[in-house]
Amino acid sequence: AGTATPSVDGGVSWSTGVPICSYGTHVNTTIDLRSLYGNLHGLDVVDGMELQRGPGEVGANVTVFTPKGTTQAKLCSGRGHCDYKTGSCMCLFQTTPNVDIKRRFESSDGNGNAGSKGDCGYAAVEGRKCPGGLTNPDDPFSLETCHGNGFCDNSTYTCRCSSGYMGADCSERTCPYGVSWFDAVQGCGHAHLTKRECSGQGACERAGGTCQCSPGFTGAACDRVACDDDCNGRGTCEPLWKLGREAIVNGEAKEYAYGNPDPNQNGKDTWDRDMFQSCLCDGFSPEKHRQGPSSTYISGIYVDEPRVLGYHGHACEKALCPFGDDPSTEGVNEKQTVGCSITSGTFTLTFRDQTTAAIAFDATASAVQSALSSLNTIDSVTVTLNGAGACDATPSGFVVEFTGNPGDLPPLVSSPAFAVTETVKGTREFIECSGRGVCATGDGALAGACKCDWFYMSSDGNGGRGTRRDCGRYDEFMQANGYFTT
C-alpha cells in the first residue's frame, strides 16, 4: 500500500477510502485539480506503478481515466482589470452613495476562497448586477451596463462582451490577431498555427485596440518584420512572396512562387510568406540597368546618357557603381548564332526582357546591329551575316558578338522562334568598377561613381576608352587617378 502528497498550486482534493495503492482490494481514487483550469493533460503513471505480492510476482497495475475539464482561465478571473505595466489585477469594487458595498472581489486561492493568487477570484461581496460605466465621460447620465459593448449574463452577473471588446465590464478593446512568431510545436512539421493578439510581438493599447509593436516588427497585428530605416527611401519593403516574384537572374526577370495566398494552405516551409520582409532596392540589377550618375564629364567631353543610380544593402543604404570587365585579365566575348530562314516579313529579337523594333527578313548586318544597340540592356554588339541578308540567303542566319556585355549571357529570344545557339561562351568578368577602382557608395554628388586606380579609366566595355565610367580601360600613360577619370 502507499500514499502520495501532491504539489499543485492551489491544492488538490482526494476521494479514496483506503491508501491509493493496495494489492488486497480494488481501489478507485479521484483527484480533483481545483486551481488548474480547462482541459488539462492527463496524469502520467510514474515507474509503471506495478505492485508485487512477492519477488517476481506482479499483483496489480493502474489505469488512469481523465475526464475533460470545463473550467475557464480568464484574465483577472473576469472580475477585474489587468494593469499591464505591473502585471497585477485591479479587482471590481463598487459602493453606493451611502458607502454600502454592492460588489467586491479579492484575491483567491484558485478555488473560490480567499487566497494569495491575486486573481480577483474571491467574491468578498457577491454582486447582483453586471458592472458597467459611462459611455461618455462627460455625460453622467450615459451609464450603461457592460459599457454598452456587450450584454449581462444574469445567471452569473458577468458581462458577455461583443466582438472587439473585452474586460470584466467590456470597457477594453481587443487588438488584431496574427500568426504567433513563437509557438509550441504541435506535431512533426506543424508549428506556427496559433494566432495571438499582436502576434505575440506587441502590447495591446486597450483604449483604442491598436498594437504597440516591439522593435523590428510592424503591421496592424505586428505580424510583419519591419525593414530597417524604411529602405532609406530608395526601395520598397516587400514580403518574401513579392521578392520571389520580382527576382532577376542574369538580367532577366524570373518569377518564383513562394507559398499560397491562402494563409491556411501554408505549411512548415512557407508559414512566413507574408511575415518576413526585406528591401527591394531601386535599380538593384547591374545586368539590367546601366549604373552610375546620369551626367558627367568623361575624357573632357560632357556625356549625358540614361543611367540608373541603383542601390543595394539590407536597407538600400549603398549606391551601386558601374560594372565592367577587368582589362588586365584574360577573357572572351559571348557569341550567339541566330539560325533563321524566312523569305518575307519581319522578326524581332529580345535580350534581357527588352525587345527590338521589327527587323526586315533581308536586313543588313548594320540594320540588325542598330536594332540590338537600341536596347538599354545592350551596350555594344557586332553582327556578322552568314549570307547576303539576315534570313533570306543560303546559308542564312547571323552571328551576334556581345562586345560591351561581359560574362556568360542569357540567349537571345526571337519572334518568330528561331534556333539560337551559344557559339562562344563569354568568360570576361562583370564586376563593380571592373575590379580596378573603389565605389563611392554613400550620399552626395559622387554617389555611385568609381574612383579608379592609377592607370585605369572609363571604358567602352571592350577595353577601349569610352563612357561606361567603369575603370575598365588600362592606359599606361595616364598621369592621374580619380572618379571615372580621363
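This note comments on selected features of a predicted model, taken point by point.

1. Cavities. The structure contains two cavities of 30 Å³ or more. The second largest cavity encloses about 30 Å³ of space. Its lining is made up of Gly324, Asp325, Arg428, Ser434, Ser459, Gly461, Asn462, Gly463, Asp470 and Gly472. Sorted by class, this lining has seven polar residues, three charged residues and no nonpolar ones.

2. Phenylalanine 430. This residue sits in the loop that runs between β38 (419-424) and β39 (431-432). Is phenylalanine 430 buried, partly exposed or exposed? Its relative accessibility is 24%, so phenylalanine 430 counts as partly exposed, given that the partly exposed class lies between 20% and 50%. The student may also wish to locate glycine 407 in the structure: 23 residues separate glycine 407 from phenylalanine 430 in sequence, while their C-alpha atoms are 6.0 Å apart in space.

3. A nonpolar surface patch. Which residues form the nonpolar patch on the surface? They are Trp454, Phe455 and Tyr474, and together they have about 320 Å² of accessible area. Tryptophan 454 belongs to the loop between β41 (450-452) and β42 (456-457). Because its relative accessibility is 48%, tryptophan 454 counts as partly exposed; the exposed class requires a value over 50%.

4. A cis peptide bond. The bond that leads from serine 415 to proline 416 is cis, and its omega angle is near 0 degrees. Proline 416 is placed in the loop between β37 (413-415) and β38.

5. Two cysteines with positive phi. Cysteine 146 has a phi near 55 degrees, a positive value in a residue other than glycine. Cysteine 146 is located in the loop between β11 (143-145) and β12 (150-153), and it counts as buried because its relative accessibility is 0%. For cysteine 198, phi is likewise positive and near 55 degrees. The loop that holds cysteine 198 connects β17 (195-197) with β18 (202-205). With a relative accessible area of 1%, cysteine 198 is buried.

6. Salt bridges and their surroundings. How many salt bridges does the model contain? The count comes to 13 salt bridges. One of them joins the side chains of arginine 160 and aspartate 153, with an N to O distance of 2.6 Å. Arginine 160 has a relative accessible area of 41% and is therefore partly exposed, whereas aspartate 153, at 13% relative accessibility, counts as buried. The cut-off that places aspartate 153 in the buried class is a value under 20%.

7. Salt bridges with both partners buried. Arginine 206 pairs with glutamate 197 in a salt bridge, where the closest N and O atoms are 2.8 Å apart. Arginine 206 counts as buried because its relative accessibility is 12%, and glutamate 197 is also buried, with a relative accessible area of 18%. Another salt bridge brings together the side chains of lysine 242 and glutamate 238, at 3.5 Å from N to O. Both lysine 242 and glutamate 238 are buried.

8. A salt-bridge network. Asp379, Arg468 and Asp470 are joined into one network by salt bridges that share partners. Asp470 has already appeared in this note, as one of the residues that line the second largest cavity.

How values were computed:
Residues are numbered from 1 along each chain as its sequence is written. This is a predicted model: local features need pLDDT of at least 70, side-chain atom pairs count only at pLDDT 80 or more; totals for chains, interfaces and linings use all residues. Side-chain values use heavy atoms; hydrogens and water are left out. On a 1 Å grid over the protein atoms alone, a cavity is a set of points where a 1.4 Å probe fits but cannot get out, and a pocket is an open set with protein on both sides within 12 Å along at least five of seven lines; lining residues have an atom within 4 Å of a point. Grid points are joined across faces, edges and corners, and a volume is the space filled by probe spheres set on the points. Ala, Val, Leu, Ile, Met, Phe, Trp, Tyr, Cys and Pro count as nonpolar, Asp, Glu, Lys and Arg as charged, and the others, Gly among them, as polar. Helices (H or I, at least four residues) and strands (E, at least two) are DSSP runs, numbered from the N terminus. Buried means under 20% relative accessible area, exposed over 50%, partly exposed in between (1.4 Å probe, protein chains only). Patches are made of residues with over 30% relative accessible area and no salt bridge: like charges are joined within 9 Å, nonpolar side chains (Val, Leu, Ile, Met, Phe, Trp, Tyr) within 5 Å. Accessible areas come from the Shrake-Rupley method with a 1.4 Å probe; for residues, only the protein chains shown count as cover. A salt bridge is a side-chain nitrogen of Lys or Arg within 4 Å of a carboxyl oxygen of Asp or Glu.
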